Amino acid sequence: MNFVSIRVITDDVARLVGFYEQVTGVTATWSTPDFAELATPACTLAIASTRTVALFGTGSARPAANHSVITEFRMADVDAEFERLAPLDCEIVQKPTTMPWGNRSLLFRDPDGHLINFFTPVTPEAVRRQDH
């Protein structure tokens, strides 16, 4: 098995894609006006319109309703990312903080309210765990 992507459902694909392009520096590939993907070497973030939900079953997903999943991106320097994001007016949930498991994490929200974690492993064990 290979975990390859997550999909976020939104009422405004262009707005959310633009946001993720700004914060990640990754350019999206658009398949249709209702579906775009931001591919990284490890995983793909797919962003789809609420109009696509009917393809999976009406009511199977709702936009801006996630309160349990954190989308995480490993960054080279989370503190530099915090400074870079400042002018974007993101809702910062937690400034860069070193977590007990050895990652330095910055938590913020996308325009739909989804939680994003930019993190940098900072302890030798965290680096080993992430570089497996």
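Helices here are DSSP runs of H or I with at least four residues, and strands are runs of E with at least two, numbered from the N terminus. On that basis, the protein has 3 helices and 8 strands. Please keep in mind that this is a predicted model.

Start with the order of elements. Along the sequence, the pattern reads β-α-β-β-β-β-α-β-β-β-α.

Now the overall dimensions. Along the principal axes, the C-alpha atoms fill a box of roughly 45 × 40 × 25 Å. The radius of gyration is 15 Å. A compact globule of 132 residues would come out near 14 Å, so the two agree.

Next, burial and surface. Of the 132 residues, 37% count as buried. The exposed area is about 7,900 Å². Carbon and sulfur atoms supply 55% of that area.

Contacts next. Take those with a sequence separation of 6 or more. Residues 24 or more positions apart account for 51% of them.

And charge. There are 11 positive and 16 negative side chains. The centres of these two sets lie 5 Å apart.

Let's go to helix 2. Helix 2 covers residues 78-85. Which of its residues are buried? They are V78, E81 and L85. These three cover an arc of only 50° around the axis, so they sit on the same side of helix 2. What do the buried residues of helix 2 pack against? One partner is a helix: helix 1, residues 13-24. The others are strands: strand 6 at 91-98, strand 7 at 103-109 and strand 8 at 115-121.

Look at E81 in that helix. Is E81 buried or exposed? The relative accessible area of E81 is 15%. The cut-off for buried is under 20%, so E81 counts as buried. Leave out residues up to four places away in sequence, and E81 touches V23, M75, L106 and F118.

Now L85, also in helix 2. L85 has a relative accessibility of 1% and counts as buried. Beyond residues up to four places away in sequence, L85 touches V23, C90, L106, F108 and F118. So V23, L106 and F118 appear in the contact list of E81 and again in that of L85, with contact meaning heavy atoms within 4.5 Å. There is also a long step in sequence here. L85 and Q22 are 63 residues apart along the chain. Their C-alpha atoms are 8.8 Å apart in space.

Just after helix 2 comes a loop leading to strand 6, and D89 is placed there. What is the phi of D89? The value is positive, about 60°, although D89 is not a glycine. D89 has a relative accessibility of 68% and counts as exposed.

A64 has a positive phi too, about 55°, and again this is not a glycine. A64 lies in the loop between strand 4, residues 44-49, and strand 5. Is A64 buried, exposed or partly exposed? A64 is partly exposed, at a relative accessible area of 42%.

Move on to strand 5, residues 70-74, where we find T71. T71 is at 11% relative accessibility, which counts as buried. What does T71 touch, beyond residues up to four places away in sequence? The list is I6, L115, I116 and N117.

Last stop: the loop between strand 7 and strand 8. H114 lies in this loop. At 7% relative accessibility, H114 counts as buried. Which residues is H114 in contact with, leaving aside neighbours within four places in sequence? They are V8, Y20, A64, A65, N66, F108 and R109. Note A64 in that list, the residue with the positive phi of about 55°. F108 is there as well, and F108 is also touched by L85. H114 and D12 are 102 residues apart along the chain, and their C-alpha atoms are separated by 14 Å.

G113 lies in the loop between strand 7 and strand 8 as well. G113 is partly exposed, at 22% relative accessibility. How far apart are G113 and H67, C-alpha to C-alpha? They are 8.6 Å apart in space, with their positions 46 residues apart in sequence.

To recap. On helix 2, V78, E81 and L85 are buried. They lie on the same side of that helix, because their arc is only 50°. In the loop between strand 7 and strand 8, H114 is buried, whereas G113 is partly exposed.

Key:
Residues numbered from 1 in each chain as written. Predicted model: local features only at pLDDT ≥ 70, side-chain atom pairs only at ≥ 80, totals over all residues. Heavy atoms only, no water. Rg over C-alpha atoms; globule rule 2.2 N^0.38 Å. Buried < 20%, exposed > 50% of the residue type's maximum accessible area, 1.4 Å probe, protein only. Areas by Shrake-Rupley, 256 points an atom, 1.4 Å probe, with all protein chains shown as cover. Lys, Arg positive; Asp, Glu negative; His and termini not counted. Charge placed at Lys NZ, Arg CZ, Asp CG, Glu CD. Arc of directions from axis to C-beta.
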